[in-house]
Amino acid sequence: ETTSKDIQKNNDDYFSTSKLERDTMYSQMIESYQKILENDNVTTEQKNIAQQEISKINELKNSIMIAENLIKTKGFEDLIIFVNNKSVNIIVKASELKPEQIAQIQNVTNRELGVEIENIHISNKN
């Protein structure tokens, strides 16, 4: 028998699991670039590109963390941000989102991640 407490736990797990999966993905990307840097058969140019990619990923991770923390200060209990090229998906823990809350999330995301408002997709999950 599923209780409301179980459902609540599953939703809490959704956010923590999704963040873990996202962080793991970034770690694996960094690791693969790290291998290029350690490979003696790789050209200097390829190593420079790998180094740039590592920097980009770290900057992105940092920006996501800042944006998530700033959005939380707006009164949201939890959320997760997924960045896919120039598109950003944000899932917020909330039963509903008011227009002004959506605007706040868009403003923070636009400022911290440099993504155009029309490319910011926000949805809520209880």
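**Close-up views of a predicted model**

**View 1. A bridged pair in helix 2.** E53 and K56 both belong to helix 2, where a separation of three residues amounts to about one turn of the helix. In this predicted model, the two side chains form a salt bridge, and their closest N and O atoms lie 3.2 Å apart. Elsewhere in the protein, K19, K72 and D78 are joined into one network by salt bridges that share partners.

**View 2. A salt bridge between K19 and D78.** The closest N and O atoms of K19 and D78 are 2.7 Å apart, and the two residues form a salt bridge. K19 is part of helix 1 (residues 4–38), whereas D78 sits in the loop between helix 2 (44–72) and strand 1 (79–84), so the bridge ties together parts of the protein that are 59 residues apart in sequence. Is this pair buried or exposed? Both K19 and D78 are buried. By the distance rule applied here, the count of salt bridges comes to eight.

**View 3. A bridged pair in helix 1.** E31 and K35 both lie in helix 1, and the four residues that separate them correspond to about one turn of the helix. Their salt bridge has its closest N and O atoms 3.8 Å apart, a value that falls within the 4 Å cut-off for a salt bridge. E31 is partly exposed, having a relative accessible area of 46%, while K35 is exposed, with a relative accessible area of 54%. The two residues are placed in these classes because exposed means over 50% relative accessible area, and partly exposed covers the range between that limit and the 20% limit for buried residues.

**View 4. The surroundings of I120 in strand 3.** I120 is located in strand 3, which covers residues 120–125, and with a relative accessibility of 6% this residue counts as buried. Which residues does I120 touch, if those up to four places away in sequence are not counted? Its contacts are V88, I90, Q106, T109, N110 and V115. I102 is 18 residues from I120 in sequence, and the C-alpha atoms of the two residues are 10.0 Å apart in space.

**View 5. Q106 and its contacts.** Q106 belongs to helix 3, which runs over residues 99–113. Its relative accessibility is 19%, and Q106 therefore counts as buried, the limit for this class being under 20%. When residues up to four places away in sequence are left aside, Q106 touches I117, I120 and I122, and I120 was introduced above as a residue of strand 3.

**View 6. The whole chain, for orientation.** The protein has three helices and three strands, and from the N terminus on these elements follow one another in the order α-α-β-β-α-β. Its radius of gyration is 18 Å, whereas a compact globule of 126 residues would have a value near 14 Å. Taken along the principal axes, the C-alpha atoms fill a box of roughly 55 × 40 × 20 Å. Of the 126 residues, 29% count as buried, and the protein exposes about 8,300 Å², of which carbon and sulfur atoms supply 46%. Among contacts between residues at least 6 apart in sequence, 59% join residues that are at least 24 apart. The protein carries 15 positive and 20 negative charges, and the mean positions of these two groups are 3 Å apart.

Methods. Residues are numbered from 1 along each chain as its sequence is written. This is a predicted model: local features need pLDDT of at least 70, side-chain atom pairs count only at pLDDT 80 or more; totals for chains, interfaces and linings use all residues. Side-chain values use heavy atoms; hydrogens and water are left out. Helices (H or I, at least four residues) and strands (E, at least two) are DSSP runs, numbered from the N terminus. The radius of gyration is taken over C-alpha atoms; the globule rule is 2.2 Å times the number of residues to the power 0.38. Buried means under 20% relative accessible area, exposed over 50%, partly exposed in between (1.4 Å probe, protein chains only). Contact means heavy atoms within 4.5 Å. Accessible areas come from the Shrake-Rupley method with a 1.4 Å probe; for residues, only the protein chains shown count as cover. Lys and Arg count as positive and Asp and Glu as negative; His and the chain ends are not counted. The place of a charge is taken as NZ of Lys, CZ of Arg, CG of Asp or CD of Glu.
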